[in-house]
Amino acid sequence: QVQLVDSGGGLVQAGGSLRLSCAASGRTFSSYAMGWFRQAPGKEREFVAAISWNGNSQYYADFVKGRFTVSRDNTKNTVYLQMNGLKPEDTAVYYCTADPSIATMTADYWGQGTQVTVSS
């Protein structure tokens, strides 16, 4: 069982940066791949980024490549999403997940979500 708590969202101007954090409870955190999804009002859920259990592999949606970086610290049971060069279209609720499936856009565990709003 893994519990996830997302934080770090907020309001930022276009071109700005935010770093999202996801604190996980449970001794098995380091065995899980972790991922981030997002969902904007009236839009479908989107995959954003994922990272392997040991941090050696990262995966990104095309629309965030070169702007976002996913990382993790297994000693702190935390995964991060550094977001640079934010655009208004990045506005959404961002969800941290454990054991994500990009194919089915699902995951075993979800955080509560953190709102990111980018003003133009």
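A residue is called buried when its relative accessible area is under 20% and exposed when that area is over 50%, with partly exposed residues in between. With these words in hand, we can walk through the structure above, keeping in mind that it is a predicted model.

A good place to begin is strand 11, which covers residues 114–119 and has two faces of unlike character: Thr114, Val116 and Val118 make up the covered face, while Gln115, Thr117 and Ser119 make up the uncovered one. This strand has partners that run in opposite senses relative to it. Strand 2, made of residues 10–13, is parallel to strand 11 and is joined to it by four bridges, and within this pairing Leu11 stands opposite Thr117. Strand 9, which spans residues 92–101, is instead antiparallel to strand 11, with three bridges between them, and here Val93 has Gln115 as its bridge partner.

Stepping back to the whole chain, we find that the protein chain contains eleven strands and zero helices, so that reading along the sequence gives the pattern β-β-β-β-β-β-β-β-β-β-β. The radius of gyration is 13 Å, close to the 14 Å that the globule rule gives for 120 residues, and the chain is therefore as compact as a globular protein of that length. Along its principal axes, the C-alpha trace spans about 40 × 25 × 25 Å. Among the contacts with a separation of 6 or more, 55% are between residues that lie 24 or more positions apart.

What lies inside? Of the 120 residues in the protein chain, 43% are buried. In soluble globular proteins, nonpolar side chains tend to be buried together. The largest nonpolar core in this model holds 33 residues, and the members that touch the most other members are Leu4, Met34, Trp36, Leu81, Met83 and Tyr94. Several strands contribute at least two residues each to this core, among them strand 3 (18–25), strand 4 (34–39), strand 8 (78–83), strand 9 and strand 11. The largest share, however, comes from strand 5, which supplies five residues.

The aromatic residues offer another view of how separate parts of the chain meet. A pair of aromatic rings is described by the distance of the centres and the angle of the planes. A search of the whole structure finds four such pairs. In one of them, the rings of Phe37 and Trp110 have centres 5.4 Å apart and planes at 35 degrees, and because this angle falls between the limits of 30 degrees for stacked and 60 for edge-to-face, the pair is tilted. Phe37 belongs to strand 4 and Trp110 to strand 10 (residues 106–110), so this pair links distant parts of the chain, 73 residues apart. How accessible are the two partners? Phe37, with a relative accessible area of 0%, is buried, whereas Trp110, at 30%, is partly exposed.

Trp110 also forms an aromatic pair with Tyr95, this time edge-to-face, with 6.0 Å from centre to centre and 75 degrees between the planes. Here too distant parts of the chain are linked, since Tyr95 sits in strand 9 and Trp110 in strand 10, 15 residues apart. Tyr95 has 22% relative accessibility and therefore counts as partly exposed. Taken together, Phe37, Phe47, Tyr95 and Trp110 form one aromatic cluster.

One further ring deserves a look: Arg72 lies over the face of Phe29, at 4.6 Å from the ring centre.

How values were computed. Residues are numbered from 1 along each chain as its sequence is written. This is a predicted model: local features need pLDDT of at least 70, side-chain atom pairs count only at pLDDT 80 or more; totals for chains, interfaces and linings use all residues. Side-chain values use heavy atoms; hydrogens and water are left out. Buried means under 20% relative accessible area, exposed over 50%, partly exposed in between (1.4 Å probe, protein chains only). Two strands pair if DSSP finds at least two bridges between them. A nonpolar core is a set of buried Ala, Val, Leu, Ile, Met, Phe, Trp, Tyr and Cys residues joined through side-chain atoms within 4.5 Å. Rings of Phe, Tyr and Trp (its six-membered ring) pair if their centres lie within 6.5 Å; planes under 30 degrees apart count as stacked, over 60 as edge-to-face and the rest as tilted. A charge sits over a ring if NZ of Lys or CZ of Arg is within 6 Å of the ring centre and within 35 degrees of the ring normal. The radius of gyration is taken over C-alpha atoms; the globule rule is 2.2 Å times the number of residues to the power 0.38. Contact means heavy atoms within 4.5 Å.
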